[in-house]
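Dear colleague,

Please find the structure for your review below. My notes on its pockets and on the relation of its chains come after it.

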2 protein chains.
Amino acid sequence: MLNVLYAGRPEGWAAYRPALETAFAEEGLEVALSRDHPPAEVDYIVHAPNGPLRDFTPFVRARAVLSLWAGVESIVDEPSLRIPLTRMIDEGLSEGMVEWVAGHVLRHHLGMDRHILGQDGIWRGQEVPPLARDRQVAVLGLGALGRAVAQALAALRFRVSGWSRTPHRIDGLDTAHGPEGLAEVLARAEILVLLLPATSATANLLDADRLALLPRGAVVLNPGRGSLIDEAALLAALDRGQVGHATLDVFRTEPLPPGHPFWAHPKVTVTPHIAAATRPASAARVIARNVRRDRDGLPLLYLVNRAQGY
Amino acid sequence: MLNVLYAGRPEGWAAYRPALETAFAEEGLEVALSRDHPPAEVDYIVHAPNGPLRDFTPFVRARAVLSLWAGVESIVDEPSLRIPLTRMIDEGLSEGMVEWVAGHVLRHHLGMDRHILGQDGIWRGQEVPPLARDRQVAVLGLGALGRAVAQALAALRFRVSGWSRTPHRIDGLDTAHGPEGLAEVLARAEILVLLLPATSATANLLDADRLALLPRGAVVLNPGRGSLIDEAALLAALDRGQVGHATLDVFRTEPLPPGHPFWAHPKVTVTPHIAAATRPASAARVIARNVRRDRDGLPLLYLVNRAQGY
């Protein structure tokens, strides 16, 4: 029996307790999971910087600290932490992003909203949409998330173009780069997915000029960063029909204030920054796998190099 | 230059004209497409039984009749038809089905409706759903469409169970068969997809007893056949929360009458029999490929055996 201490955010306990118990059982581990084991009896510590634990001194028997966060900068220099520290590499993050984007691309591709919003006894919307293979989707940003999204859309047979500032070659994808490549990609994007990082170079990337390059009625999906979009320009493009719909998950201010015009606009769907979130179930699997590996004498995955800081 | 006559449904001309012109160009064919070439100058006839053409006698130069329909029973015995006849095998049919099912599975998986219907300034629904890999989807019916759907859902990482009356083995899928297999599959189906054929054995397959086997709050998708569902039992299961939502594309009577309780039920989404439809773009590609093959001296695809009748 291993004693595992949950030292994550207290509000996370309700979700993490069953997720961790399931994951430990799936790894064949007998674990007593608790938020208040006596420190001297703890074998592993599940940790988050917004949890209650700072001083690791009393945990004399603990073999490792397993962080629920990818960023460990707030703990890596803690002098009382003298046992191995692992960080969270959650495969669920990119899977969740793929699911949000694939779902909303298919929603707009199929024109689902007219059915979801139009249950009034009228047998409408029989004009079938084109097949995915006849639908152009563009993904701006080809980092880990952009690439995973572009490949999943291509697997659904959409015609996918990918764009990034610098050249990337990706199997099965039509890619472009630089300002000229961007203009070409935008000109054929019936559905546009923004997955660029927030930098000074990408701020307001989707401005009035670039919105004007899209085919009339194009759909904009933003699960990336709020700063990528010039909000006034997007609202103007929606009002004149240049953009057909915008489904937005990220905003300059979050939660999006109740008075923001995005809420009231009939062609905007707001989702509350859910496209990429660490899932308790997948994070718990990463933790459980590492406990099992350590019990079996295997090296820990995602071990933090304390000198490097990550 | 080849003269191609469009003898399909007149209402289809607006969609088929550009689709056929694009498809002929993509095959490198120079084609004059029209609804009223002089019969003696026609090279190929694009035909549908609900179009204007019955008597093929005047088309003395025509090389083939290319049907837009899969079923050619109304034309196969026409005595004036003495040139080869091909039927439509539209790959788009199964692709369209995959897109409708994948889209609605993701819609329910992600809980999209609360965002689509709830744009009221409240930053709600931040509880992220489980990942697809933690979501059980069951597909009943493992014919060509059911198999394509199940494989696409598995590629999106859903946990997919497939069921059919007789045993089927499908790579990467957990399959079951027979009455006991059905009970097992239903018991874990968070999202249930009906893709069985309409037969006397499948009529009312989803009745009160089988609905009671589903996990509470399960979602039912029916893009298969209207007769598969006991409608009164489904409405009762929706009312008591046993079924969380039903998204239905097929009905015993179509169009679904305006007074049918499905229209008014807040947990039902009706779509107007659009999940599997022949698309002009993909049907046009089948036609154009056959014209090009014939020009190149290759055998026609999907040639009808007149003795067999299909």
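The notes below take the symmetry of the chains first and the pockets second. Please bear in mind that this is a predicted model.

Symmetry

Chain B superposes on chain A with an RMSD of 0.3 Å, after a rotation of 179° and a shift of 0.0 Å along the axis. The two copies are therefore related as by a two-fold rotation axis. Within chain B, Gly103(B) has the C-alpha nearest the axis, at 2.9 Å from it. Both copies use the same surface, since 98% of the contact residues of chain B recur in chain A.

Largest pocket

The volume of the largest pocket is about 1300 Å³, and 47 residues line it. Nearest its centre lie Asp90(A), Leu93(A), Glu95(A), Ala277(A) and Thr278(A). Elements of both chains give two or more residues to this lining: helices H1 (13–26), H2 (91–110) and H4 (144–155) of chain A, and helices H2 (91–110) and H4 (144–155) of chain B. The largest share, 6 residues, comes from H2(A). By character, the lining of the largest pocket comprises 26 nonpolar, 9 polar and 12 charged residues.

Second largest pocket

The second largest pocket has a volume of about 820 Å³ and a lining of 26 residues. Those nearest its centre are Tyr16(B), Leu68(B), Trp69(B), Ala277(B) and Thr278(B). Its lining divides into 15 nonpolar, 6 polar and 5 charged residues.

With kind regards

Key
Residues are numbered from 1 along each chain as its sequence is written. Chains are lettered from A and ligands numbered from 1 in the order in which they are written. This is a predicted model: local features need pLDDT of at least 70, side-chain atom pairs count only at pLDDT 80 or more; totals for chains, interfaces and linings use all residues. Side-chain values use heavy atoms; hydrogens and water are left out. On a 1 Å grid over the protein atoms alone, a cavity is a set of points where a 1.4 Å probe fits but cannot get out, and a pocket is an open set with protein on both sides within 12 Å along at least five of seven lines; lining residues have an atom within 4 Å of a point. Grid points are joined across faces, edges and corners, and a volume is the space filled by probe spheres set on the points. Helices (H or I, at least four residues) and strands (E, at least two) are DSSP runs, numbered from the N terminus. Ala, Val, Leu, Ile, Met, Phe, Trp, Tyr, Cys and Pro count as nonpolar, Asp, Glu, Lys and Arg as charged, and the others, Gly among them, as polar. Copies are superposed by least squares on the C-alpha atoms of residues with pLDDT of at least 70 in both. Contact means heavy atoms within 4.5 Å.
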